Number of protein chains: 2
Amino acid sequence: MYKETVRALPQIGPAPTLEEVAKVAGVSRATASRVFTANPKVSPRARRAVERAAEKLMYVPNRAARTLVTGRTDSIGLVIPEPTSLLFGDPFFPGLVRGISEVLTRRQLQLVLLMPQSTADETRLEGYLSAGHVDGVLMVSLHGNDPLPERLLRRGMPVVLGGRPSGNGPLTYVDVDNVGGARIAVEHLIATGRKHIATITGPLDMGVGIDRLQGYRDAIRQGGNHADGSYEQAGDFGQESGAVAMQALLDRHPELDAVFCASDVMAAGALEILRRNRRRVPQDVAVVGFDDSTIATSTVPALSSVRQPIEEMGREMARLLLATLDSGTSGGKRVVLATELVVRASSGRGGRE
Amino acid sequence: MYKETVRALPQIGPAPTLEEVAKVAGVSRATASRVFTANPKVSPRARRAVERAAEKLMYVPNRAARTLVTGRTDSIGLVIPEPTSLLFGDPFFPGLVRGISEVLTRRQLQLVLLMPQSTADETRLEGYLSAGHVDGVLMVSLHGNDPLPERLLRRGMPVVLGGRPSGNGPLTYVDVDNVGGARIAVEHLIATGRKHIATITGPLDMGVGIDRLQGYRDAIRQGGNHADGSYEQAGDFGQESGAVAMQALLDRHPELDAVFCASDVMAAGALEILRRNRRRVPQDVAVVGFDDSTIATSTVPALSSVRQPIEEMGREMARLLLATLDSGTSGGKRVVLATELVVRASSGRGGRE
DNA sequence: TCCGCCACAGAGAGCGCTCTCTTTAGTTAT
DNA sequence: ATAACTAAAGAGAGCGCTCTCTGTGGCGGA
């Protein structure tokens, strides 16, 4: 009776070691180890015995001990610099992490989250990452000129970036097609008869900001008009900045009949200003955003927006890193994922022209 | 010349060990170790020598080796079950993680992110967490009845939950005052003259859903009216469900002049339906949401909403876990953080009465 | 002068595992 | 029957660190 009760309780106290598993299975520690490292040189009989012993004892290998001898940590660092969660809109962070996590989990790798919030943190980060605490690093590149990725790479630490870095180094990265997304957005505006198309850009010291502006210019130029800088107004991805930029554009160009915003949040700010200025959307002014975040469907009218495959970006980043880990190579691969335009009411055919 | 060049290059190759640091410093490994473990029994002279040697060699302690002997991992697991990122609105995930990360970073603890995406993952999770891969566990409790937290606790693994669990166990948790938040929202509606106040609830198998409904009922009852179930309609926190619920409420109670929604996203859906039904907001119907997410300021009219201190919740969770770790105790502490109402246009004084 | 005490430093075991090397047992060729 | 080979299992070192135990040298008190 007593014995049974004890046996029914979850294993408490010190975790069982491989040694104990081996003893219960009646084999040597080495053989037991081979079972857990997927070494083929084990007889079916021994394998079964070890597996049963492990299950009985609820054995889980001690990762620290394994790491100490193999040098592998089976964990991946994800570096997200502080401003990211503030600047990027709503589905960004969870979507990215979800995609990454999905791929890593399948390989039994752990995701270690690193969010340096100060310069001191960032300094420590390099030491931490190059000290072999992780097998590889994923980074969301905000400021394209961050020297950290290249330095890690030079120390032999595999790195994959999310978002195009501004330099032209040997870095591997995954990006969404910001240029193409912006271009199709503006082409859509041209195709629906808009003549005076302005843009509210993101910060121009960031790859995303630059690229989305580039796409806008490409489309404008291709449409026959020559790009006019006065139709471009910079924002910081925030709602307030979108409002301010919109007002500036209206003051400068009362005739504008469309605006492409580099983020949905800025577009929401722009909509507010247009309303105050008694411009009807989309009849007088068409608006297109970027990100296709949840706010796109909650504005009035609902916001046309460029959707980016954020989760797929996470998956692809993880896949690239795993490929690097497996092959040992570290060539600078680039993957650019397609974006797509989701048309909603805010860019419906206008009634002004 | 050559020498200097070599010295200027970053330390490549195998990471330096404590042994090497000790040799350079001219002390024993034990003494060097004492320096890094903040052991006071080291002479200033020896300490300085070790510190200089460590800096010169760019020494970073090997975490695996340290873990192996101390049993501590200096890392904390954060468990976020799959549906969380989908169900919860926009600032939830980043804000929470940011708060947690802030506190852990100060203590040089790593955050290991665990997002079980399948039942198989969840099964593995218990083994992983109880195998001593982390020193403590933070969990976002979705389904209040998840048995995992209690089982981990029983195995001696400190656990702190985010969100009230439905059971009455010895679990330590941090929650925001959902009841109070909902109550002040509805009290605000009553105070501004609303007579027929409906609610769109969250899923009623979740603590948040239940609590926000409770707060609504408390306020209604306190306002003299007796709660009438037909004014309550359940949603799933999603926009579409908010729209459906709103329509159902309007069909049932054309006279309603206010609706309290358990999430901003549902409120956005409700606004859409009210517009289609030619109900002016706030003149005919006042709307209040919950979460104070970014969409609250992008709807028309801007949404009054209950703000919850998500980042503080993260910080508090981390602090409670650290306290448990430090003291060794594991008593079921509860912390409830205050919520506050942010009044915007959607609940302005109406014009119907 | 000698003993005892204190502050510090060194020696060495051992954490749990992997992996190389060696041994053993089983099989086939001669 | 013996040699030659192969597959499977065991022995044992050692990964880098912490921590206990054991010196060691300097100093004050008897």
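Strand β1(B) is mostly covered in this predicted model. Of its 5 residues, 5 are buried. Ser75(B), Gly77(B) and Val79(B) point one way from the strand. Ile76(B) and Leu78(B) point the other way. Both sets are buried. Here a residue counts as buried if 20 or more other C-beta atoms lie within 10 Å of its own.

What does β1(B) pair with? One partner is β2(B), joined in the parallel sense over 5 bridges. Another is β3(B), which also runs parallel to β1(B), over 4 bridges. Follow Gly77(B) to see both pairings. In β2(B), its bridge partner is Val112(B). In β3(B), Gly77(B) stands opposite Val137(B).

Strands of a sheet pair through backbone hydrogen bonds, either parallel or antiparallel. The next pairing crosses from one chain to the other. Strand β2 of chain A, residues 110–114, pairs with β2(B) in the antiparallel sense over 3 bridges. Leu111(A) stands opposite Leu113(B) there.

Now step back to the whole sheet. It is open and has 12 strands, with mixed pairing. Read across, the order is β11(A)-β5(A)-β4(A)-β3(A)-β1(A)-β2(A)-β2(B)-β1(B)-β3(B)-β4(B)-β5(B)-β11(B). Which strands stand at the edges? They are β11 of chain A and β11 of chain B, residues 334–337 in each. Each has a single partner strand, so one side of each is left without a neighbour in the sheet. On average, neighbouring strands are turned by 20° against each other, direction ignored.

Helix α14 of chain B, residues 310–327, packs on this sheet. The helix touches β1, β3, β4, β5 and β11 of chain B. Its direction makes about 165° with that of β5(B). Over in chain A, strand β5, residues 172–176, runs parallel to β11(A), and 4 bridges join the two. Asp175(A) has Val336(A) as its bridge partner in β11(A).

The chains meet beyond the strands too. In total, 42 residues of chain B are in contact with 40 residues of chain A. On the chain B side, the elements that give two or more residues are α5, α7, β2, α8 and α13. Helix α7(B) gives the most, with 7 residues. By class, this side has 20 nonpolar, 15 polar and 7 charged residues.

How are the two chains related? Chain B can be laid on chain A by a turn of 180° and a shift of 0.0 Å along the axis, with an RMSD of 0.1 Å. That is the relation of a two-fold axis. Of the interface residues of chain B, 95% are also interface residues in chain A, so the copies meet through the same surface.

Last comes the DNA. Around strand C there are 28 residues. The closest are Leu18(A), Asn62(A), Ala65(A), Ser28(B) and Ala30(B). Helices α2, α3 and α5 of chain A each give two or more residues to this surface, as do α3, α4 and α5 of chain B. The largest share, 5 residues, comes from α5(A). By class, the surface near strand C has 14 nonpolar, 8 polar and 6 charged residues.

DNA strand D has 27 residues around it. Ser28(A), Thr17(B), Leu18(B), Asn62(B) and Ala65(B) come nearest. The elements giving two or more residues here are α3, α4 and α5 of chain A together with α2, α3 and α5 of chain B. Helix α5(B) gives the most, with 5 residues. The surface near strand D has 13 nonpolar, 8 polar and 6 charged residues.

Key: Residues are numbered from 1 along each chain as its sequence is written. Chains are lettered from A and ligands numbered from 1 in the order in which they are written. This is a predicted model: local features need pLDDT of at least 70, side-chain atom pairs count only at pLDDT 80 or more; totals for chains, interfaces and linings use all residues. Two residues are in contact if their C-beta atoms, placed from the backbone, lie within 7 Å. Ala, Val, Leu, Ile, Met, Phe, Trp, Tyr, Cys and Pro count as nonpolar, Asp, Glu, Lys and Arg as charged, and the others, Gly among them, as polar. Two strands pair if DSSP finds at least two bridges between them. Axes are lines fitted to C-alpha atoms, for helices over the stretch in contact, and angles run from 0 to 180 degrees between N-to-C directions. A residue is near a molecule or strand if its C-beta atom, placed from the backbone, lies within 6 Å of it. Copies are superposed by least squares on the C-alpha atoms of residues with pLDDT of at least 70 in both. A residue is buried if 20 or more other C-beta atoms lie within 10 Å of its own, exposed if 12 or fewer, and partly exposed in between; C-beta atoms are placed from the backbone.
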